[in-house]
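Okay, shall we get going? I've got one structure to walk you through today, so let me put it up on the screen.

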Amino acid sequence: MALLPLDRALRQLLDQADQRQLRETETVATHAAAGRILAQPLIARHTLPPWPNSAMDGYAVRSAEVIPGQPLPVSQKIFAGQMPPPLQAGTCARIFTGAPLPEGADAVEMQENVEPQEDGRARFGQAVSAGRFIRPAGGEAQPGEQKLAAGVRLGPIELAMAASLGVTEVEVYRPLRVAVLSTGDELVEPGQPLQPGQIYNSNRVLLQQWLQRLGCEVLDLGCLPDNLEAIRARLSTLDGVDLLLSSGGVSVGEADYLGQLLREEGEVGFWKLALKPGKPMTFGTYRGTPFMGLPGNPVSTLVTFALLSRPYILRRMGMQAVAPKGFPVPVDFAVTQPGTRREFMRVGWRHGRAQQYDNQCSGILSSAAWADGLLEIPENTTCQPGDLLTFYPFSELLG
Ligand code: AMP
Ligand code: MG
């Protein structure tokens with residue numbers, strides 16, 4: 001079977017996600033909306049700022065009245081939060097940052113360029129041009145103006161934007177309900193003694209925590225044994241789940257029962273991806289519920305979740321720009337034997353170059369813990385130290 005290129009797999013997944021995008025929305029308080037995805041655009045209701053105001057601590061003037069060296073009387077003092085009377089002709093006003101400009105004034109001179117005189121007047125060192133150091137009304141927003149589009153994920157900056165518009169509630173998509181399971185007879189949970197042949201389950205916490213960061217509601221199904229009936233029994237009781245996400249058991253080994261169950265009770269697309277690590281992956285439905293089966297090697301789980309599950313999940317929750325942002329960085333190593341699968345190496349950002357972790361084996365989680373992100377090495381690519389390749393920092397992938 002030909003290996004499916006990553007881009008095509010992602011396109012298929014996003015198409016599926018669009019078809020099953022959540023429709024239900026809820027209205028939540030802005031302060032509780034971090035990480036949620038806007039279902040309605042954020043529209044300004046007021047002119048912001050509502051009035052022209054000073055960008056500096058200084059003196060508000062009629063610019064034409066300023067003559068260098070000739071002091072002007074100071075007729076009023078305006079602090080932020082006050083609404084001043086008009087500026088008297090032939091005078092200036094002491095003004096502070098953010099304070100409304102008095103009617104008649106058309107410029108502000110910063111205090112560093114003004115010398116207060118002993119008689120209380122202010123002496124300007126230079127001419128002042130109209131408009132100087134004024135923040136105009138409406139510079140931030142006009143009534144009816146769209147400030148954030150639907151499909152935007154709300155982080156601290158977007159929430160600050162909403163707050164600046166005086167918005168107290170936003171309409172967002174409800175969280176995706178994701179049931180997570182790991183499979184494997186060899187797995188035990190931390191806290192249990194390891195028997196011969198056993199290893200600790202690390203994917204469970206990886207997926208659980210990651211899903212929570214993405215704003216999903218996580219239903220933890222724990223770890224299921226490599227036993228068809230046990231898996232069938234657990235899955236058949238599920239209700240109200242938007243996505244089933246598993247790790248392990250989707251290869252074509254004899255103990256890979258998830259695949260068997262899907263073939264019997266669902267629709268299954270087995271994929272062999274042209275991806276390293278992360279070649280085996282399953283996507284389909286189980287009794288009508290979308291199902292995503294990730295390979296079990298911890299780094300394969302990580303890479304397939306980062307590149308495929310994460311965008312799929314965010315798109316289902318209504319987010320539009322789901323592609324992680326990568327940027328070109330110089331590498332500090334050579335790739336001389338090009339692979340036929342697109343590779344995502346765990347690399348650290350060291351001294352302005354991408355450095356690879358020695359052991360790039362997909363079972364070695366330390367490679368990811370040491371690294372700062374993933375470096376994309378396209379199919380059939382060789383490179384020399386100093387060549388540019390695309391780097392995806394974990395900060396782009398994990399949240
Ligand atoms: P599988 O995809 O089930 O064939 O598993 C591939 C490799 O990943 C095997 O070495 C498994 O022991 C390991 N593995 C599978 N699931 C987990 C897990 N939840 N935590 C840690 N290692 C796992
Ligand atoms: Mg297994």
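I'll start with the domains, go on to the ligand and the helix beside it in my notes, and finish with some individual residues.

Before anything else, keep in mind that this is a predicted model.

So, domains. The chain is split into four pieces, and some of them are made of two segments. Domain 1 takes 6-23 plus 174-316, and domain 2 takes 25-47 plus 139-173. Domain 3 is 53-135, and domain 4 is 327-397. If you take the centres over C-alpha atoms, domain 3 and domain 4 sit 57 Å apart.

Now the ligand. Which residues come closest to ligand 1? There are 16 residues around it, and the closest are E186, N201, G249, G296 and N297. Let's look at some of the atom pairs. E186 puts a polar side-chain atom 2.5 Å from an oxygen atom of ligand 1. With G249 it's the backbone: a polar backbone atom there is 2.8 Å from a ligand oxygen. G296 also uses a polar backbone atom, at 3.0 Å from an oxygen of ligand 1. As for cover, ligand 1 on its own has 480 Å² of accessible area, and the protein covers 77% of that. Two elements give two or more residues to the shell, namely strand 13, which is 177-183, and strand 15, which is 199-200. And what's the make-up of the shell by class? We have four nonpolar residues, eleven polar and one charged.

On to helix 3, residues 203-213. The buried residues here are N203, L207, Q208, W210 and L211. One general reminder while you look at that pattern: an α-helix has 3.6 residues a turn, so residues three or four places apart point the same way. What's packing over those buried positions? The cover includes strand 13, strand 16 (217-224), strand 17 (243-247) and strand 21 (289-294), along with helix 6 (298-316) and helix 8 (394-398). So strand 13 turns up here as well as in the ligand shell.

R213 is in helix 3 too. Is R213 buried or exposed? It counts as exposed, because its relative accessibility is 54% and the cut-off is over 50%. Setting aside neighbours within four places in sequence, R213 touches R153, L398 and G399. After the helix comes G215, which has a positive phi, near 90°.

Let's move over to S63. You'll find S63 in the loop between strand 4 (58-61) and strand 5 (74-78). It may be in a loop, but S63 is buried, with a relative accessible area of 12%. Beyond its sequence neighbours within four places, S63 contacts D106, A107, V128, S129 and A130.

Next, a pair of strand residues. E376 is in strand 25, residues 373-377, and at 11% relative accessibility E376 counts as buried. Which side chain does E376 make a polar contact with? That's R342, with the two side chains joined at 2.8 Å. Leaving out neighbours within four places, the contacts of E376 are R342, E343, F344, L389, T390 and Y392.

The other strand residue is R350, in strand 23, residues 342-350. R350 is partly exposed, at 24% relative accessible area. Its contacts, again leaving out neighbours within four places in sequence, are Q355, W370 and D372. R350 and V331 are 19 residues apart along the chain, and their C-alpha atoms are separated by 9.8 Å.

Last bit: backbone geometry. Where are the cis peptide bonds I want to show you? One joins L48 and P49, with omega about -15°, and P49 is in the loop between strand 2 (42-43) and strand 3 (53-54). Another joins K276 and P277, with omega about -5°. P277 lies in the loop between strand 19 (275-276) and strand 20 (280-286).

Then there are positive phi values outside glycine. F133 has phi near 55° and lies in the loop between strand 9 (122-124) and strand 10 (134-135). F133 is partly exposed, at 22% relative accessible area. N380 also has phi near 55°, and N380 is in the loop between strand 25 and strand 26 (388-393). With a relative accessible area of 55%, N380 is exposed.

That's my tour, thanks.

Terms used. Residues are numbered from 1 along each chain as its sequence is written. Chains are lettered from A and ligands numbered from 1 in the order in which they are written. This is a predicted model: local features need pLDDT of at least 70, side-chain atom pairs count only at pLDDT 80 or more; totals for chains, interfaces and linings use all residues. Side-chain values use heavy atoms; hydrogens and water are left out. A residue is near a molecule or strand if one of its heavy atoms lies within 4 Å of it. A polar contact is a pair of N or O atoms within 3.5 Å; within protein, one must be able to donate a hydrogen and the other to accept it, and residues adjacent in sequence count only if both atoms are side-chain atoms. Accessible areas come from the Shrake-Rupley method with a 1.4 Å probe; for residues, only the protein chains shown count as cover. Helices (H or I, at least four residues) and strands (E, at least two) are DSSP runs, numbered from the N terminus. Ala, Val, Leu, Ile, Met, Phe, Trp, Tyr, Cys and Pro count as nonpolar, Asp, Glu, Lys and Arg as charged, and the others, Gly among them, as polar. Buried means under 20% relative accessible area, exposed over 50%, partly exposed in between (1.4 Å probe, protein chains only). Contact means heavy atoms within 4.5 Å. Domain bounds come from an automatic or database domain assignment.
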